[in-house]
Amino acid sequence: MAVMNYAAYAATTQLAQQDARAVRNAFLKYELDEQAQLLVKMPVSNALAILHECSLRHVQILLDRLDELKEDVRARQLASGLGLICSEAEPPGHYLENSVLNHVKERIGWIVGLALMGIVSGLIISHYEDTLSQLVLLAIYMPVIAAAGGNTGSQAATLVVRALAMEEIKSRDWLAVLWKEFRVAIVIALSLAIVIVGRVIFFSGDVVLPNGMHLEQVALAIGIAISIQVVISTSVGGVLPMLARTLNLDPAVLVSPVLASMVDITGMVVYFKTVNWMLGFGS
């Protein structure tokens with residue numbers, strides 16, 4: 001069973017299929033530990049070319065061995081490059097062989113940290129209680145802000161992490177990545193804004209609005225707020241993995257929790273600041 005479709009992979013490697021298979025055959029003659037050491041020493045693109053020609057079972061064994069050898073960063077790079085899922089809260093070794101304490105130690109730090117960060121979002125919402133009391137409709141679209149920012153940011157981060165793992169980009173390319181993700185974000189933000197504005201206008205029923213305010217104004221304010229959040233989240237999601245790599249941190253471990261917390265906090269600030277400014281509510 002091949003790990004990836006070679007037609008999709010061939011564009012990312014300089015090794016021809018015949019050469020890759022020949023190298024694979026020579027590679028498999030080594031002992032398992034020696035194979036793992038070779039995967040650490042050789043360029044990521046060459047390692048991916050070899051693993052592509054191996055069975056999925058053997059790839060999983062090698063990735064587990066890399067974890068046991070404390071080469072978890074390389075294991076995650078290879079897993080990402082092969083399109084395999086590699087959790088940021090996964091301790092080294094086999095799942096069932098690890099103790100409950102090991103799993104707790106790997107996860108609890110992020111869980112507690114994110115819970116405390118969630119308090120900040122709650123404080124921001126409480127600060128804008130007057131805004132929500134004047135227009136309850138705004139509360140309905142608060143989850144949309146968080147979801148839109150989280151989804152677009154995660155998409156960008158996933159693509160950049162994979163590109164880093166396959167050595168398609170380097171940390172020094174951050175400006176080019178930022179410019180590309182910014183342009184992608186603009187198109188996505190405009191498309192999403194049109195959908196949300198239409199949703200507010202045509203499906204809000206008999207919502208009660210403050211005197212002198214029109215539903216179209218509210219829809220436009222919500223649409224612009226979501227657009228701003230999408231642009232921010234996508235841009236940050238594209239650059240954050242490169243920052244992690246520059247700081248010698250594992251992007252696969254760092255990006256997801258940090259991005260989630262940033263999106264929650266910035267999303268609420270952007271949302272309420274935008275609607276307050278556009279609709280004339282208090283600060």
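**Helices, loops and buried residues**

Trainee: At roughly what angle do the axes of helix H5 (residues 56-68) and helix H6 (residues 72-81) cross?
Mentor: Remember first that this is a predicted model. Two packed helices are described by the angle between their axes and the distance between the axes. Here the axes of H5 and H6 come within 7 Å. They cross at roughly 155°.

Trainee: Is H5 roughly parallel or roughly antiparallel to H6?
Mentor: Use the crossing angle of roughly 155°. Angles over 145 degrees count as roughly antiparallel. Therefore H5 and H6 are roughly antiparallel.

Trainee: How many nonpolar residues are in the contact of H5 with H6?
Mentor: From H5 come Leu63, Leu66 and Asp67. From H6 come Asp72, Arg74, Ala75, Leu78 and Ala79. By class, three of the contact residues are charged and no residue is polar. The nonpolar ones number five.

Trainee: How many of the 10 residues of H6 are buried?
Mentor: The buried residues of H6 are Arg74, Ala75, Arg76, Gln77, Leu78, Ala79, Ser80 and Gly81. H6 is therefore largely enclosed by the rest of the structure. The buried count is eight.

Trainee: Which residue in the loop between H5 and H6 has a positive phi although it is not a glycine?
Mentor: Most residues other than glycine have a negative phi. In this loop, one residue has a phi of about 65°. That residue is exposed, with a relative accessible area of 65%. Its name is Lys70.

Trainee: How far apart in space are the C-alpha atoms of Met166 and Gly81?
Mentor: Met166 lies in the loop between helix H10 (142-165) and H11. Gly81 belongs to the buried residues of H6. Along the sequence, Met166 and Gly81 are 85 residues apart. In space, C-alpha to C-alpha, the separation is 5.5 Å.

Trainee: Why does Met166 count as buried?
Mentor: A residue is buried when its relative accessible area is under 20%. Met166 falls under that cut-off, so it counts as buried. Its relative accessible area is 9%.

Trainee: What is the relative accessible area of Tyr271?
Mentor: Tyr271 sits in helix H13 (residues 251-279). Beyond residues up to four places away in sequence, Tyr271 touches Leu138, Tyr141, Met142, Ile145, Ile222 and Ala225. Tyr271 is buried. Its relative accessible area is 0%.

Trainee: How far apart in space, C-alpha to C-alpha, are Tyr271 and Ile145?
Mentor: Ile145 is one of the residues that Tyr271 touches. In sequence, Tyr271 and Ile145 are 126 residues apart. In space, their C-alpha separation is 7.4 Å.

Trainee: Which residue, 67 residues from Ser204 along the chain, has its C-alpha atom 8.2 Å from that of Ser204?
Mentor: Ser204 is in the loop between helix H11 (174-202) and helix H12 (215-246). Ser204 is buried, with a relative accessible area of 15%. Leaving aside neighbours within four places, its contacts include Tyr141, Arg199 and Leu215. The residue you want is also in contact with Ser204: Leu137.

Trainee: What share of contacts with a separation of 6 or more comes from residues 24 or more positions apart?
Mentor: Step back to the whole protein. It has 13 helices and zero strands. Buried residues make up 42% of its 283 residues. For the contacts you ask about, the share is 76%.

Trainee: Which element of the protein has the lowest mean pLDDT?
Mentor: The protein averages a pLDDT of 80, and 83% of the residues score at least 70. The highest mean among the elements, 93, belongs to H11. Over residues 1-15 the pLDDT is below 50. The lowest mean, 39, belongs to helix H1.

Trainee: How much of the exposed area do carbon and sulfur atoms supply?
Mentor: Start with the total. The protein exposes about 15300 Å². Of that area, carbon and sulfur atoms supply 62%.

Notes: Residues numbered from 1 in each chain as written. Predicted model: local features only at pLDDT ≥ 70, side-chain atom pairs only at ≥ 80, totals over all residues. Heavy atoms only, no water. Axes fitted to C-alpha atoms, helices over the stretch in contact; angles between N-to-C directions. Helix = DSSP H or I, 4+ residues; strand = E, 2+ residues; numbered from the N terminus. Parallel < 35°, antiparallel > 145°, perpendicular 65-115°, else oblique. Contact = heavy atoms within 4.5 Å. Nonpolar A, V, L, I, M, F, W, Y, C, P; charged D, E, K, R; others polar. Buried < 20%, exposed > 50% of the residue type's maximum accessible area, 1.4 Å probe, protein only. Areas by Shrake-Rupley, 256 points an atom, 1.4 Å probe, with all protein chains shown as cover. pLDDT = per-residue confidence, 0-100.
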